[in-house]
Structure formats: C-alpha cells, structure tokens
Amino acid sequence: MEQVKLLSLIVLGLLAAKALPIMTKHRIDWSRNIAFSYLTPCLFFTSLVHADLSQLPSPKLLATYGLGLGGLFFVVRLWLFVKGNDTAAAATIKSISALYPNAVGIGVPLVFSLYGPEAELILMGIIVTNLVVVLPLVNILMIRSGEPGFYSYKKVVTDPILLAIATGLLINVWGITLYPAVVDGLALIGWAALPVILFILGASLSCYPFRALMQEKVLLLLAVKIVVFPLTMLLFASFVFQLSQIEVQVLVILASLPTGINVYLLSERYQVAKEATASVILFTTMLSLVSLVTWEKVLQVT
C-alpha cells in the first residue's frame, strides 16, 4: 500500500542517519534546503501547469472542504493558544498539522485506485485549493503572529515554493504553451521531491530522541486528523451540502489521509513546532493503515 511506501522512506532516513557517520546535521540541513528550494517548487509548478482549471469541482464541494477545514482549524488553534499555552505561531502550525492531508503523495494513488477517473476533478480541486488558498493563508497567519525572525510579506512573495505555485497558475490561466521537454524535465525533478523529503524527514527525526517525539502532546491533533476531520466532512457533505455519493466518498477519504509533508515544510521554514509536526506526520502515517480502511468501511455502510 502507498502508506507503507511512505513510512518505509521515513524509517529508511531515520536508520541511515543513525548508522552512517556522514549523515551529519549540517548535511541533512543542506539536503533539506536543496529539496525545499529546488525539487519541491518543480513539483508544484508542473502540477499547476497541467491542472485542468476549467473543470474544477462544484462550489458546493469546495465550500464543504473550506468550511470544514477552516472551522476546525480556528477551533483547534484557539484551544491550543488558550488551554495549551502555545504561542500563536506554534498553535497555527500544530492546528494545520491536524488537518492538512497528504493529497498528492497518498491521495492521488489511493483515490484513483478506489474510485477511478471519476474522482480526478474532485481530487484536483482539493489539491489546487490547498496550494493556492490554504498554504498562502497559513503563511499570512504566521507573519501576523508577530514573533521575531519570521518571514515578512516580502520574503513570502519571493519564497521559491509560492513563486512556483503562482507562476504555474498564471501560465495555466493565460494559456501559455511551454516546450513539453521542459515541463517533463521539471516534472521528473519535482517527483523526486516526495521520496527525498520523506527520507530527510526521517533523517531529521534522528536529531530528536524517539522518547521526546512520544512525549509531544499531539493526542488532540491525532484525534482531530483521524476521527474529527473525516467525521466533519461526512456530516457536512451528506447533510448540510447534500453532495453526490462520489463527492462524499472522496472528501471523507481525503480528510482521513495522513498529514501532508507541506506542514513539515512550514515548521522548518519558521522553525516552529518541528518536533510536534514530525510526530503528527509519523504517527498519522502509521495509523493510516487502520484509519483509511475503517473510514472506507463506514462509507460503504452509509
């Protein structure tokens, strides 16, 4: 299964960092910078250049996803800030880690295998929404948290990942045709980002004692990711917006996916809640072997 592949890459990175003397923290940080500054922008750019923006899903479906994710985000963020004694920045990163799905790395192969090409437009709509709406809004919240050392709006505008997203979207909207060899070459580089980032995530975990990861207070975040978010999607999609069966199925499965690697990019970029984010990604990926099967059974019953 796709979850096993992803978890294997994380474990492989962890074991390599523990066993190989050459895997120093400096070299891990250097590799991370290459992945985040060059490989990942290529992935996002080519994804948006190829996206069929003229056939995105219905506004009702996007409203279901947006209201569910946004509502839970601000509830969890408020709870962490007030009850958990987290800073505004840490609460923001932790909250999005409880909601942001791995829609590309796991969602694409899983949704296609379960529901076929019929689910393509729904899946693409969520991926585009995450890239061009959710991630920029989270960056704005981080800047407005007011903590020293964070990105300014100017730095966000020049961030390689966001520049790649904006450029790919504009090329798509304006109908600019690029040489296929260029796009295919960038896509090939971009797809290398997923295994590299997961490997680096595993290697980065070696810098934190496993006991420290276990002691991170992420039980609330895991409960939201595995139970509350999928349940919210199911209720909103079925009873509030009354979406079609395929739309309900895809939204619930997407909501129950493990946390996306983009959250790790954010925690590294702002140097906030890195241990908590690593814990959530690791444990939601491990638990997804059970949670995804469970939610698929729930959908068959309902």
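In this predicted model, Asp-86 forms a salt bridge with Lys-94. The closest N and O atoms of Asp-86 and Lys-94 are 3.0 Å apart. Both partners are shielded. Asp-86 has a relative accessibility of 16%, so this residue counts as buried, the cut-off being under 20%. Lys-94 has a relative accessible area of 13% and is therefore buried as well.

A search of the whole structure gives two salt bridges. The other pair is Lys-25 and Asp-29. Here the closest N and O atoms lie 3.1 Å apart. Both residues belong to helix 2, which covers residues 25-50. Lys-25 and Asp-29 are four residues apart in that helix, or about one turn. Asp-29 has a relative accessible area of 28%, so this residue is partly exposed. That value falls between the limits of 20% for buried and 50% for exposed.

Helix 2 also contributes to the largest pocket. This pocket holds about 400 Å³ of space. Its lining consists of 17 residues. Ser-47, His-50, Val-108, Met-124 and Ile-127 lie nearest the pocket centre. Four helices each supply at least two lining residues: helix 2, helix 5 (103-115), helix 6 (120-144) and helix 9 (180-191). By residue class, the lining comprises twelve nonpolar, three polar and two charged residues.

Terms used. Residues numbered from 1 in each chain as written. Predicted model: local features only at pLDDT ≥ 70, side-chain atom pairs only at ≥ 80, totals over all residues. Heavy atoms only, no water. Salt bridge = Lys/Arg side-chain N within 4 Å of Asp/Glu carboxyl O. Buried < 20%, exposed > 50% of the residue type's maximum accessible area, 1.4 Å probe, protein only. 1 Å grid on protein atoms, 1.4 Å probe; cavity = no way out; pocket = protein on both sides within 12 Å on 5 of 7 lines; lining within 4 Å. Points joined across faces, edges and corners; volume = space filled by probe spheres on them. Nonpolar A, V, L, I, M, F, W, Y, C, P; charged D, E, K, R; others polar.
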